[in-house]
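The following exercises concern the structure shown below. Each task is followed by a solution in steps.

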Amino acid sequence: MSDKSSADILNRRKFLGAVGLAGAGAALGAKPAMAEGVKPDPLITEIQDWNRYLGDGVDKKPYGVPSKFEKNVIRRDVSWLTASPESSVNFTPLHELDGIITPSGLCFERHHSGVADINPAEHRLMINGLVDKPLVFTMDDIKRMPRMNKVYFLECAANSGMEWRGAQLNGCQFTHGMVHNVMYTGVSLKTLLDEAGLKPNAKWLMLEGADAAAMNRSLPIEKALNDCMLAFAMNGEALRPEQGYPLRAVIPGWEGNLWVKWIRRIEVGDQPWQTREETSKYTDLLADGRSRKHTFVMDAKSVVTNPSPQAPLKHKGRNVLSGLAWSGRGTVKRVDVSMDGGRNWQTARIDGPVFDKSLVRFYVDFDWNGQELMIQSRAMDSTGYVQPTKDELRKVRGVNSIYHNNGIQTWLVRSGGETENVEIG
Amino acid sequence: MSRSVKLAAVALLCGVALAVANSRIEAQQIAAQAAAKTSSKLGLGRPALPDEIKAWDTDVRADGKGLPPGKGTVKQGDVIFQAQCASCHGEFGEGAGRWPVLSGGAGTLKADRPDKTIGSFWPDLSTAFDYIKRAMPYGNARSLSDDDVYALTAYLLSMNDIVKGENFELNDRNFTSIKMPNAAAFYDDDRETAEKQFWKKDPCMKDCRSAPKVTGRAISVDVTPDSKSGPKVD
């Protein structure tokens, strides 16, 4: 539908004057013959503003923004989760997206002391500790190194953490939106470490950010040398400030907290540091009062994004069920979908690229006649891991874990199409 | 110029450009191969100067590596805490609003709602020192002296009944002798053995469970920050 209140259109109408109005009148008079029982659609039979008046010139939006009709497609936060917006998280609107790539502007944010906005010309990366030669790099130095492009998902370990004790938030944006998937461009961490030269007793790294939290975490050397990167671009453009511009760590398949943003220093050591993030926060408290630490890998997980509470079913008849699956241990091999709360399953169709430690997109085309559905999805990865039910997970982990909740989600679709986050027993 | 002549000219230019580009690529490949033969290092970056390392290398590890010289008492820490920290964390570390609680919680880790504090949960005292020094006070990071951080850490120990008396002094010499109550309760990730039942060859596809019943609903909890309006079905 046209947006009659738009100041732009009103201005153009004034400018174009009577000619435009006469044209519109002529269009109103020209009604085609009606098919029985179906009224002609005025969107077809009447000339629309966008079909007559000039649109914006090429330089109106030199960096481009989404259509104003997509203004609902935004990250959202849950204000009661955190004490202040500078140490907080917002959520990717998974139900509004498709394919496997998350637009840069919709990748969920999580900061500990706000977004550092750093001039790349003033950014420095230091490597020190158990190295032959402590070094300092500028962004220019890093951009002269051999580059790589990789698509990886980044999931916060606390994603779905609000659901350990039961269904709490009504929308996959809130229950599963602390995940995104982009193409990173950068250099391998091994390239940088080789420049400094590792001492034989180098076993762990400490990654440290340049933000006001000076975020730090310990990373085992095997992982660092295997597939980690320092990235300066995502989805073809420079990192966004909220994603760590000008430089961030990329730790494929491992919890998002390790992907230190605004990275300024790597210290090489022989044991982990036990930083605040890896002791007081990203450890998993189990029912017996003991805690797992260094639970870095994100387990295989999936979620149906459509339908979901913010994207209910609107039509009877043909529908498309769509969702995302991922695994920190490798590739997604298969996704099964149930419409009856896990009694019976069918294998979904994965469409689009299947990369290592990346989101995959799955679909089930189905007919809906208004019956109640309990929709679930279940991911399997290349190591044979099968996504557990929430109850299977609670049996092993209790409900005090906070992190690493990869249990199977249930959406209840009611006869009117409303879709709810529910727990089933 | 006629249209056909223009097109021919463009084609000719492209041909020339391609030939030039090809020879450049060959030259680059040869140069790259030569470089690879002479050195495995890129030679990028410059040595970090001692003063630069000193400015940034402030981290403190669980074994005490990185602790700066310094000292502070519980009493001194109390004064600094009330001025710099209490507005968020409460006078006794009990927390204000949703800011972190720093004290209490002993014996709650098996409870339904555990209080994970420095005293009840954190395995290492170094974590408190490292974090205060790098990130606190919130919004004015790195404004405290090393003695201030020792004093604040001492006050946190006192609030959690790990040390007694306001005259207790924490310093770089006695720091690693402090044992945290929950230190023994952490163990390395064992999911691949403890959860090996989640690796399955053929997950069930048919009649896998009894008829499910809804046992809980997010809408009953009613904390979702969004519109609750339902759809219209055609």
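**Exercise 1. Determine how strand β15 of chain A pairs with β16(A), and how β16(A) is placed.**

Step 1. Strand β15 (residues 301-306) of chain A is joined to β16(A) by five bridges in the antiparallel sense. Strands are DSSP runs of E with at least two residues, helices are runs of H or I with at least four residues, and both are numbered from the N terminus. Two strands pair if DSSP finds at least two bridges between them.

Step 2. Val304(A) has Gly323(A) in β16(A) as its bridge partner.

Step 3. With strand β20 (residues 360-368) of chain A, β16(A) forms nine bridges, again antiparallel. Here the bridge partner of Leu321(A) is Val364(A) in β20(A).

Step 4. Strand β16 (residues 317-326) of chain A has seven of its 10 residues buried, so it is largely enclosed by the rest of the structure. Buried means under 20% relative accessible area, exposed means over 50%, and partly exposed lies in between (1.4 Å probe, protein chains only).

A note on the basis of these values: this is a predicted model, in which local features need pLDDT of at least 70 and side-chain atom pairs count only at pLDDT 80 or more, while totals for chains, interfaces and linings use all residues. Residues are numbered from 1 along each chain as its sequence is written, chains are lettered from A and ligands numbered from 1 in the order in which they are written, and side-chain values use heavy atoms, with hydrogens and water left out.

**Exercise 2. State the strand order of the six-stranded open sheet and find its edges.**

Step 1. The order is β18(A)-β17(A)-β21(A)-β22(A)-β23(A)-β5(B), with antiparallel pairing.

Step 2. The edges are β18 (346-347) of chain A and β5 (214-217) of chain B; each has a single partner strand, so one side of each is left without a neighbour in the sheet.

Step 3. Within the sheet, strand β17 (residues 332-338) of chain A and strand β21 (residues 373-381) of chain A are paired over six bridges. Val335(A) stands opposite Ala379(A) in β21(A).

**Exercise 3. Describe the largest nonpolar core.**

Step 1. A nonpolar core is a set of buried Ala, Val, Leu, Ile, Met, Phe, Trp, Tyr and Cys residues joined through side-chain atoms within 4.5 Å. The largest one has 64 residues, and Tyr184(A), Leu205(A), Leu219(A) and Ile266(A) have the most contacts inside it.

Step 2. The most is given to this core by strand β9 (residues 229-234) of chain A, with six residues.

Step 3. Apart from this core lies another, of 36 residues, including Val60(B), Leu67(B), Ala135(B) and Phe175(B).

Step 4. Not counting residues up to four places away in sequence, Leu205(A) touches, among others, Leu189(A), Leu219(A), Ile266(A) and Trp273(A). Contact means heavy atoms within 4.5 Å.

**Exercise 4. Examine the salt bridges formed by Arg264(A) and by Arg397(A).**

Step 1. A salt bridge is a side-chain nitrogen of Lys or Arg within 4 Å of a carboxyl oxygen of Asp or Glu. Over all chains, the search finds 49.

Step 2. Arg264(A) is bridged to Glu208(A), and the closest N and O atoms are 3.1 Å apart. Arg264(A) belongs to strand β12 (residues 263-269) of chain A and Glu208(A) to strand β7 (residues 204-209) of chain A, so the pair ties together parts that are 56 residues apart in sequence.

Step 3. Arg264(A) counts as buried at 10% relative accessibility, and Glu208(A) counts as buried at 1%.

Step 4. Arg397(A) meets Asp299(A) in a salt bridge of 3.1 Å, N to O. Arg397(A) lies in helix α9 (residues 390-397) of chain A and Asp299(A) in the loop between β14 (291-293) and β15 of chain A, 98 residues apart. Both Arg397(A) and Asp299(A) are buried.

**Exercise 5. Summarise the elements and burial of chain B.**

Step 1. Chain B contains eight helices and five strands. Their order from the N terminus is α-β-α-β-α-α-α-α-β-β-α-β-α.

Step 2. Of its 234 residues, 35% count as buried in chain B.

Step 3. Among contacts in chain B between residues at least 6 apart in sequence, 57% join residues at least 24 apart.
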